[in-house]
Amino acid sequence: MMNIAANTLRNLRKVPALQQVRNLNLLEFQSKDLLQKYNVAIQQFKVLDNSSQDAEALKQFECPEYVVKAQILAGGRGKGTFDNGFKGGVHITTK
């Protein structure tokens, strides 16, 4: 019985590790939008894109602090930058 267990362990060590493959690439706001459409409870959010409608969207979204997040698929927010010089992909701010 011990030989069977030892052989099984040896054989398991020979199995190559599988590489994870990402077949669906969604940004965070896309994921939240999808969850919200199916009535999953999520934090409230707004997407701002430097358009003329941003000011109106902020008026309808009153809170004491805002979290500004870069939306990139390049391997993490730390690689994100903003046009105004912010480094890193997450910033907490007020109006």
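The following exercises, each with a worked solution, concern a predicted model of a protein chain.

**Exercise 1. Overall architecture**

Determine how many helices and strands the protein chain has, and the order in which they follow one another.

*Solution.* Step 1: the assignment yields 3 helices and 2 strands. Step 2: along the sequence, these elements follow the pattern α-α-α-β-β. Step 3: for the contacts, consider those with a separation of 6 or more; residues 24 or more positions apart account for 36% of them.

**Exercise 2. Burial and surface**

State what share of the residues counts as buried, and what share of the accessible surface belongs to carbon and sulfur atoms.

*Solution.* Step 1: a residue is termed buried when its relative accessible area is under 20%. Step 2: by that criterion, 12% of the 95 residues of the protein chain are buried. Step 3: the accessible surface of the protein chain amounts to about 8,600 Å², and carbon and sulfur atoms hold 54% of this area.

**Exercise 3. Salt bridges of helix 2**

Identify the residues that form the salt bridges, and classify each partner as buried, partly exposed or exposed.

*Solution.* Step 1: recall the principle that side chains of opposite charge can pair when their charged atoms come close. Step 2: the cut-off is a side-chain nitrogen of Lys or Arg within 4 Å of a carboxyl oxygen of Asp or Glu. The count under this rule is 2 salt bridges.

Step 3: one salt bridge joins Lys-32 to Glu-28, with 3.6 Å between the closest N and O atoms. Both residues belong to helix 2 and stand 4 residues apart, about one turn of the helix. Lys-32 counts as buried because its relative accessibility is 16%. Glu-28, at 24% relative accessibility, is therefore classed as partly exposed.

Step 4: Asp-33 and Lys-37 also meet through their side chains in a salt bridge, at 3.7 Å from N to O. This pair likewise lies in helix 2, its members 4 residues apart, about one turn of the helix. Asp-33 has a relative accessible area of 31%, so Asp-33 is partly exposed. Lys-37 reaches 58% relative accessibility and is therefore exposed.

**Exercise 4. Surroundings of Lys-32**

List the residues that Lys-32 touches, not counting residues up to four places away in sequence.

*Solution.* Step 1: Lys-32 is located in helix 2. Step 2: with residues up to four places away in sequence set aside, Lys-32 touches Ile-42, Gln-43 and Phe-45.

**Exercise 5. A nonpolar surface patch**

Name the residues that make the nonpolar surface patch, and explain why Leu-34 counts as partly exposed.

*Solution.* Step 1: the patch consists of Leu-24, Leu-26, Leu-34, Leu-35, Tyr-38 and Val-40, and its area is about 600 Å². Step 2: Leu-34 sits in helix 2, which spans residues 28-37. Step 3: Leu-34 is partly exposed because its relative accessibility is 45%.

**Exercise 6. The largest pocket**

Give the volume of the largest pocket, and establish which element gives the most to its lining.

*Solution.* Step 1: the volume of the largest pocket is about 1,100 Å³. Step 2: its lining comprises 31 residues, and those closest to the centre are Lys-46, Leu-48, Val-67, Val-68 and Lys-69. Step 3: at least two lining residues come from each of helix 2, helix 3 (54-59) and strand 1 (66-69). Step 4: strand 1 gives the most to the lining, contributing 4 residues.

Notes. Residues are numbered from 1 along each chain as its sequence is written. This is a predicted model: local features need pLDDT of at least 70, side-chain atom pairs count only at pLDDT 80 or more; totals for chains, interfaces and linings use all residues. Side-chain values use heavy atoms; hydrogens and water are left out. Patches are made of residues with over 30% relative accessible area and no salt bridge: like charges are joined within 9 Å, nonpolar side chains (Val, Leu, Ile, Met, Phe, Trp, Tyr) within 5 Å. Accessible areas come from the Shrake-Rupley method with a 1.4 Å probe; for residues, only the protein chains shown count as cover. Buried means under 20% relative accessible area, exposed over 50%, partly exposed in between (1.4 Å probe, protein chains only). Contact means heavy atoms within 4.5 Å. On a 1 Å grid over the protein atoms alone, a cavity is a set of points where a 1.4 Å probe fits but cannot get out, and a pocket is an open set with protein on both sides within 12 Å along at least five of seven lines; lining residues have an atom within 4 Å of a point. Grid points are joined across faces, edges and corners, and a volume is the space filled by probe spheres set on the points.
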